[in-house]
Every structure is written in structure tokens, then in C-alpha cells.
Amino acid sequence: MHTLTDDALPSLFQLTSAAFPTGAFSPSYGLETSVQAGRGHDVATFGEWLEVHLCYSAGPTDGAAVALVQRAATAGE
């Protein structure tokens with residue numbers, strides 16, 4: 001368990017918070033880069049980007065976590 005006095009807490013904030021320079025870009029998962037490079041310019045290209053992101057990034061990671069939490073909650077754990 002981390003407390004406000006732990007050295008690890010600022011590092012956690014840096015990795016996860018948009019308030020920190022390294023965290024500000026990470027929530028987009030590269031969407032800004034795709035748009036700036038001209039690969040994302042309309043609803044269709046956004047849909048393609050989103051499909052790839054959900055299938056190969058969010059699905060295997062966040063999706064797996066959500067499924068495990070849902071399974072545990074259903075089992076009363």
C-alpha cells in the first residue's frame with residue numbers, strides 16, 4: 001500500500017496523470033500522432049484507428065481486467 005509519503009507515489013502520478021508532462025500524451029494512445037501524420041482525418045479513419053486500438057491494445061489489457069473484475073464481482077469476491 002502506498003501513502004503520500006512514499007517515494008513511489010510521485011512516480012505513479014507521473015505515469016498515470018495528465019497533469020504531468022509524461023502522462024498528458026498517454027491517454028490518447030497515439031491518436032494525436034495519427035491525426036498529425038494525416039492518417040486520421042475523418043470518421044472512417046478514426047473508426048479504423050479505434051478498431052485496431054480496441055482489438056490489439058485495450059481489449060487484451062483493459063478488457064481482460066474488466067472481465068476479471070466482473071467475474072469476481074459476480075462470484076461475490
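**Notebook: a four-helix predicted model**

I began with confidence by element: it is highest in helix 4, at 86, and lowest in helix 2 (residues 21–25), at a mean of 50. The model is predicted, so I looked up the overall confidence as well. The mean pLDDT of the protein is 76, and 66% of its residues reach 70 or more.

**Overall make-up**

I counted the secondary structure next and found four helices and zero strands. Read from the N terminus, the order of elements is α-α-α-α. I then checked burial across the chain: 13% of the 77 residues count as buried. For the accessible surface I noted about 6,100 Å², with 65% of that belonging to carbon and sulfur atoms.

**Helix 4: course**

I turned to helix 4, which covers residues 43–74. What span would a straight helix of 32 residues have? I noted 46 Å at 1.5 Å a residue, whereas helix 4 spans only 36 Å between its end C-alpha atoms. I then looked for a bend and found a kink of about 65 degrees at Ala-58. The proline Pro-60 comes shortly after the kink.

I looked at both ends of helix 4. At its start, the backbone nitrogen of Ala-44 has a side-chain oxygen of Asp-42 within 3.3 Å. After the helix comes Gly-76, and I noted that its phi is positive, near 80 degrees.

**Helix 4: buried residues**

Which residues of helix 4 are buried? I listed Thr-45, Trp-49, His-53 and Ala-58. Ala-58 is thus both a buried residue and the site of the kink. I checked what covers the buried residues of helix 4, and the cover includes helix 3 (31–36).

**Thr-45 and Ser-34**

I took Thr-45, in helix 4, as one case to follow up. Thr-45 counts as buried because its relative accessible area is 13%, against a cut-off of under 20%. Setting aside neighbours within four places in sequence, I found Thr-45 in contact with Arg-39 and Gly-40.

From helix 3 I picked Ser-34. Is Ser-34 buried or exposed? Ser-34 is at 12% relative accessibility, and therefore counts as buried. I listed what Ser-34 touches, not counting residues up to four places away in sequence: Arg-39, Gly-40 and Trp-49.

I compared the two contact lists. Arg-39 and Gly-40 appear for Thr-45 and again for Ser-34. Trp-49, a buried residue of helix 4, is touched by Ser-34, and Ser-34 sits in helix 3.

Definitions and conventions
Residues are numbered from 1 along each chain as its sequence is written. Side-chain values use heavy atoms; hydrogens and water are left out. Helices (H or I, at least four residues) and strands (E, at least two) are DSSP runs, numbered from the N terminus. The expected span of a helix is 1.5 Å times one less than its number of residues. The bend at a residue is the angle between axes fitted to the seven residues ending there and the seven starting there. Buried means under 20% relative accessible area, exposed over 50%, partly exposed in between (1.4 Å probe, protein chains only). Contact means heavy atoms within 4.5 Å. A polar contact is a pair of N or O atoms within 3.5 Å; within protein, one must be able to donate a hydrogen and the other to accept it, and residues adjacent in sequence count only if both atoms are side-chain atoms. Accessible areas come from the Shrake-Rupley method with a 1.4 Å probe; for residues, only the protein chains shown count as cover. pLDDT is the predictor's confidence in each residue, from 0 to 100.
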